[in-house]
Amino acid sequence: MKVIVSRSGGMAGIRLTWEVRVEEQPDPNTWATFLNSLPWDDVTDSEAGPDRFAYRIRCAPHEVVLAEPQVNGPWRDLVNRVKAANGM
Amino acid sequence: MDTPQNTAPQNRVPQTGQVLHRHCSIVPPYLLVRLAKLDDPRFAQAAAAARHSLLRDSHIRELRGGAHPLPQERIQPARTPGESDRTISDAGGQERLPGRQVRTERQPAGPDPAANEAFDSLGATQSLFWTEFGRDSIDGLGLPMNATVHYGQNYDNAFWDGERMVFGDGDGEVFNRFTISPSVIGHELTHGVTQFTANLEYRDQSGALNESISDVFGALVEQYAADQSTSEASWLIGEGLFTDQVEGVALRSMKAPGTAYNDDVLGKDPQPDTMAGYIETEDDNGGVHLNSGIPNRAFYLVAEALGGNAWETPGQIWYDTLTGTGLTRRSDFAAFAAATAETAARLYGTGGAAHDAVVTAWATVGVVVGVRSELPATEFASPTASGGSAAPLPPE
């Protein structure tokens with residue numbers, strides 16, 4: 001099981017991608033529980049504002065695209081966790 | 001088309017199992033691998049940058065989809081049309097808008113370069129739009145120009161939020177502060193102008209046109225302020241925005257899309273310069289910051305063909321097209337090309353030098369005026385960097 005966070009857009013238009021393989025994490029069960037708790041099916045389309053970042057989050061079978069203003073609550077937590085797991 | 005392998009830095013994937021440096025910035029993970037190899041203390045601060053620069057607080061309102069905002073009701077003293085009305089606020093490193101007000105129209109410059117740069121470039125933008133095109137501010141009705149500087153921590157971005165321009169300080173390693181470039185400020189303000197006029201949908205080709213229009217008038221703001229002719233101008237967007245640690249001159253080149261940077265760390269500028277290189281991607285709202293290179297170059301080619309000052313005939317054609325009735329929210333490149341050709345013919349005569357220059361420019365970049373272009377089927381490759389997963393690191 002892996003989760004991939006990809007950020008695109010921004011004024012510069014440069015893409016960043018972070019990936020976590022859950023089974024390789026020191027706390028895979030915590031990860032799995034957290035990933036399963038995310039509101040994958042509650043994401044609505046949102047029109048992006050000019051030059052805002054766009055996030056694509058993939059964790060099979062789920063895939064969501066979030067505009068930067070939507071990255072709040074558990075989604076912001078997820079992005080921060082994935083980045084932290086990548087040493088950032 | 002150019003193969004993504006040749007043009008897109010995203011394709012430069014690190015080898016699995018490499019340990020990512022504990023850095024975080026605008027630099028993609030695969031590039032951090034290179035940084036790690038450099039073991040260069042100059043990049044030491046990249047670590048925490050992007051986490052804080054990425055996200056914004058929930059209370060910033062989303063754009064009102066589809067609708068033109070209603071002009072704000074304002075009670076204010078009588079104002080001379082064309083006078084700028086600027087207010088600069090300072091977010092103080094927070095992600096809350098608008099922040100603390102630090103300069104209004106009649107106040108002198110203060111000690112903060114970012115606030116002064118924002119103030120000055122908003123003035124330069126107002127000057128161009130008012131003097132050359134008779135447009136009074138963003139809405140054409142003298143809307144006050146509001147900007148916030150020092151947004152977020154190491155925030156690697158600038159944006160227009162529907163009501164104000166917002167500028168991050170950059171991370172200091174890849175990006176300097178975003179106010180450093182007048183073309184960036186003109187770019188953001190022009191997003192406001194577009195919102196109040198053609199309101200091009202920020203996705204796919206209409207989104208790339210929205211982006212290109214911001215680049216066009218951002219470049220013109222710089223050229224107008226510096227009194228540079230087409231041949232004298234750099235045609236760069238975001239010149240000076242990269243730190244001197246980056247091998248690159250700017251974010252984008254309108255004259256030669258795809259050549260603005262070519263850096264060991266950032267990779268190569270991925271912008272296409274013709275329809276043959278059009279990038280199909282779901283990211284970046286359909287590649288709006290990538291495919292904008294195509295209409296950007298078309299504008300440059302018109303300016304090159306006509307010579308002189310680009311804000312004159314070329315700028316007038318683009319401005320009248322943006323503010324006229326020939327576009328819809330979903331206009332694509334071909335429709336925009338047709339609208340610019342029609343505008344050029346109407347303003348300067350059918351078959352005249354301007355009209356010919358416009359038609360030739362679009363043909364050169366592979367857009368057939370008024371005919372929907374067949375897009376290459378190639379997907380923009382979307383690899384993921386996997387280096388981080390092999391050596392999980394605890395959260396800081």
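This passage looks at the confidence of chain A, one buried residue of chain B and a pair of helices in chain B. The model is predicted, so local features need pLDDT of at least 70 and side-chain atom pairs count only at pLDDT 80 or more, while totals for chains, interfaces and linings use all residues. Residues are numbered from 1 along each chain as its sequence is written, and chains are lettered from A and ligands numbered from 1 in the order in which they are written.

For chain A, the pLDDT (the predictor's confidence in each residue, from 0 to 100) averages 92, and 99% of the residues score at least 70. Confidence in chain A is highest in helix α1 (residues 28–37), at 96, and lowest in strand β2 (residues 16–21), at a mean of 92. Helices (H or I, at least four residues) and strands (E, at least two) are DSSP runs, numbered from the N terminus.

In chain B, Ile294(B) belongs to helix α8 (residues 293–306). Ile294(B) is buried because it has 28 C-beta neighbours inside 10 Å; the cut-off is 20 or more other C-beta atoms within 10 Å, with 12 or fewer for exposed and partly exposed in between, and C-beta atoms placed from the backbone. Beyond four places in sequence, its contacts (C-beta atoms, placed from the backbone, within 7 Å) include Pro272(B), Tyr278(B), Phe333(B) and Val365(B). The C-alpha atoms of Ile294(B) and Phe333(B) are 8.9 Å apart, with their positions 39 residues apart along the chain.

Residues of helix α9 of chain B, among them Ile317(B) and Trp318(B), meet residues of α10(B) that include Ala344(B) and Leu347(B).

Conventions. Two residues are in contact if their C-beta atoms, placed from the backbone, lie within 7 Å.
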